[in-house]
Amino acid sequence: MSQDTIVVCGAGIAGLAAAVGLFKKGFRVSLLGPQAALPPARDDAYHPRVYAISQASQQFLAQLGAWRLMDARRVTAVESMQVFGDASGEVNLHAWQAAQPALAWIVESGELERALRQVADVLGVPWHGEALRSLEPGAVVAESGKRLAADLVVGADGASSAVRAAAGIAHHSSPYGDTGVVTHLDAELPHQGAAMQWFMGDSVLALLPMPDTAAGAQVSMVWSMPAGKAETLLALPAQEQAQWLEARLAHATQGALGSLKVRSPVFGFPLFLEHSDMIAPGVALVSDAAHRVHPLAGQGLNLGLGDVQALVEVLAQKEAFRRAGDLAVLRRYRRRRAEPLLAMRLATDGLHRLFSVQAPPIVWARNAGMALVDRAPLLKQLLIAGAAGRQ
């Protein structure tokens with residue numbers, strides 16, 4: 001076993017994945033972070049937040065031992081995707097066009113976290129269920145005053161990362177002025193494993209396929225809309241929220257899935273474009289602690305798992321004479337992540353800006369471009385391969 005001691009701060013999906021991955025590579029690992037309660041899984045209730053897991057992320061989760069612990073009845077394969085512009089533009093992608101089993105898999109946040117916790121428990125990863133107080137050279141100080149030795153501290157503690165702040169890592173944040181509104185819907189028509197997305201000028205609507213319920217087909221909604229509009233919606237009583245959404249969904253989707261009915265509480269979260277320097281002596285950031293992108297491509301968690309996988313691989317391949325927190329090692333991690341993170345940041349922010357412009361020539365050009373892509377099989381294969389590959 002390696003003599004390097006690593007403390008992973010943050011007990012969400014990224015933190016658990018980092019702790020499990022590093023533990024399996026022989027590092028002395030412990031988790032630091034409160035253990036949030038996970039409600040028991042019910043056939044008629046689903047976690048409000050779902051993720052589209054790429055093929056690369058699915059393979060990494062399988063390596064960690066978590067994927068096989070997922071309840072297959074609560075995992076939905078995305079076999080195709082339809083993207084609609086704000087005029088006549090449309091792009092249709094199918095897994096078979098790139099000989100893939102699926103474009104992605106839709107999983108609930110709570111179920112993925114549950115599976116990772118089970119792996120951590122089986123491996124015996126030590127878990128200190130308290131928050132971070134401060135960082136010291138070669139150590140982490142927990143809220144209770146407990147001091148944990150650490151050659152490396154992994155900050156996986158979310159967008160308001162205490163590790164990032166304590167380490168003084170430069171961080172850049174730009175609010176979009178938009179809010180992501182999420183809920184689950186009953187659909188009149190079967191979704192047939194298709195994800196759908198509509199660009200509508202000031203907003204982006206996505207419907208993701210989920211397991212069928214006793215009532216029939218179910219989809220998860222992620223609607224990125226101006227913050228003012230979202231505030232108006234979220235301030236309404238539940239029944240009026242449902243009426244507001246159902247009326248606007250009928251107009252936006254033009255009946256693509258028939259009648260859509262709200263089946264769960266409605267939540268909202270502000271959207272930001274964020275990135276950081278990712279490392280400091282003895283500290284590495286992953287996932288939301290390091291960056292956030294617009295959710296229109298559904299790649300946030302995939303980027304985070306890509307961070308974790310890269311960090312695990314870099315540390316496993318380091319020279320024996322270097323410690324895990326050596327800046328020479330951590331710079332390799334930052335270099336490995338630089339290109340995919342920049343590419344996704346430019347792509348998502350660029351798309352958001354492109355569809356925010358309402359000048360008629362731009363509207364025509366972007367929809368014509370979508371139509372061109374839809375008639376180009378090679379471009380479709382590249383898009384599918386990019387979505388499935390390492391993030």
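**Figure 1. Helix 1 meets helix 3 in this predicted model.** On the helix 1 side, the residues that make the contact are Ile-13, Leu-16, Ala-17, Val-20, Phe-23 and Lys-24. Their partners in helix 3 are Ser-109, Leu-112, Glu-113, Leu-116, Arg-117, Val-119, Ala-120 and Leu-123. Sorted by class, the residues of this contact are ten nonpolar, one polar and three charged. The two axes are 9 Å apart and the helices pack at an angle of about 30°. Angles under 35 degrees count as roughly parallel, so helix 1 is roughly parallel to helix 3. Their crossing is left-handed.

**Figure 2. A look along helix 3, residues 109–123.** Here is a helix whose length you can check for yourself: its 15 residues should span 21 Å at 1.5 Å a residue, and the end C-alpha atoms are indeed 21 Å apart. Buried residues in helix 3 are Ser-109, Gly-110, Glu-111, Leu-112, Glu-113, Ala-115, Leu-116, Arg-117, Val-119 and Ala-120. What do these buried residues of helix 3 pack against? Their neighbours are helix 1 (13–24), strand 3 (50–53), helix 2, strand 7, strand 8 (127–128) and helix 7. Just after the helix comes Gly-124, with a positive phi of about 80°.

**Figure 3. Ile-106 and its surroundings in strand 7.** Strand 7 covers residues 104–108, and Ile-106 sits within it. With a relative accessibility of 2%, Ile-106 counts as buried. Setting aside neighbours within four places in sequence, Ile-106 is in contact with Val-50, Tyr-51, Ala-52, Arg-74, Val-75, Thr-76, Val-78, Leu-208, Pro-209 and Met-210. Take Tyr-51 as one of these partners: Tyr-51 and Ile-106 are 55 residues apart in sequence, yet their C-alpha atoms are 5.5 Å apart in space. For the wider setting, consider contacts in the chain between residues at least 6 apart in sequence: 72% of them join residues at least 24 apart.

**Figure 4. Helix 2 passes helix 7 in a left-handed crossing.** Helix 2 spans residues 55–64 and helix 7 spans residues 300–316. Their axes come within 10 Å and cross at roughly 50°, and the pair is therefore oblique. From helix 2, the contact takes in Ser-57, Phe-60, Leu-61 and Gln-63; from helix 7, Asn-302, Leu-305, Val-308 and Gln-309. That makes four nonpolar, four polar and no charged residues at this contact. Helix 7 itself is mostly covered, with 14 of its 17 residues buried. From its first C-alpha to its last, helix 7 reaches 25 Å, close to the 24 Å expected.

**Figure 5. Two loop residues with a positive phi, Gln-254 and Ser-287.** Most residues other than glycine have a negative phi, so these two views may be worth a pause. Gln-254 has a positive phi of about 55° and is found in the loop between helix 6 (238–253) and strand 17 (260–262). Ser-287 also has a positive phi of about 55°, and its loop runs between strand 20 (283–285) and strand 21 (291–292). Which of them is buried and which is exposed? Gln-254 is exposed, with a relative accessible area of 62%, whereas Ser-287 is buried at 9%.

**Figure 6. The whole chain, for orientation.** To place the close-ups, note that the chain has ten helices and 21 strands. Of its 391 residues, 52% count as buried.

Technical notes:
Residues numbered from 1 in each chain as written. Predicted model: local features only at pLDDT ≥ 70, side-chain atom pairs only at ≥ 80, totals over all residues. Heavy atoms only, no water. Axes fitted to C-alpha atoms, helices over the stretch in contact; angles between N-to-C directions. Helix = DSSP H or I, 4+ residues; strand = E, 2+ residues; numbered from the N terminus. Parallel < 35°, antiparallel > 145°, perpendicular 65-115°, else oblique. Left-handed = near helix turned anticlockwise from the far one by under 90°. Contact = heavy atoms within 4.5 Å. Nonpolar A, V, L, I, M, F, W, Y, C, P; charged D, E, K, R; others polar. Expected span 1.5 Å × (residues − 1). Buried < 20%, exposed > 50% of the residue type's maximum accessible area, 1.4 Å probe, protein only.
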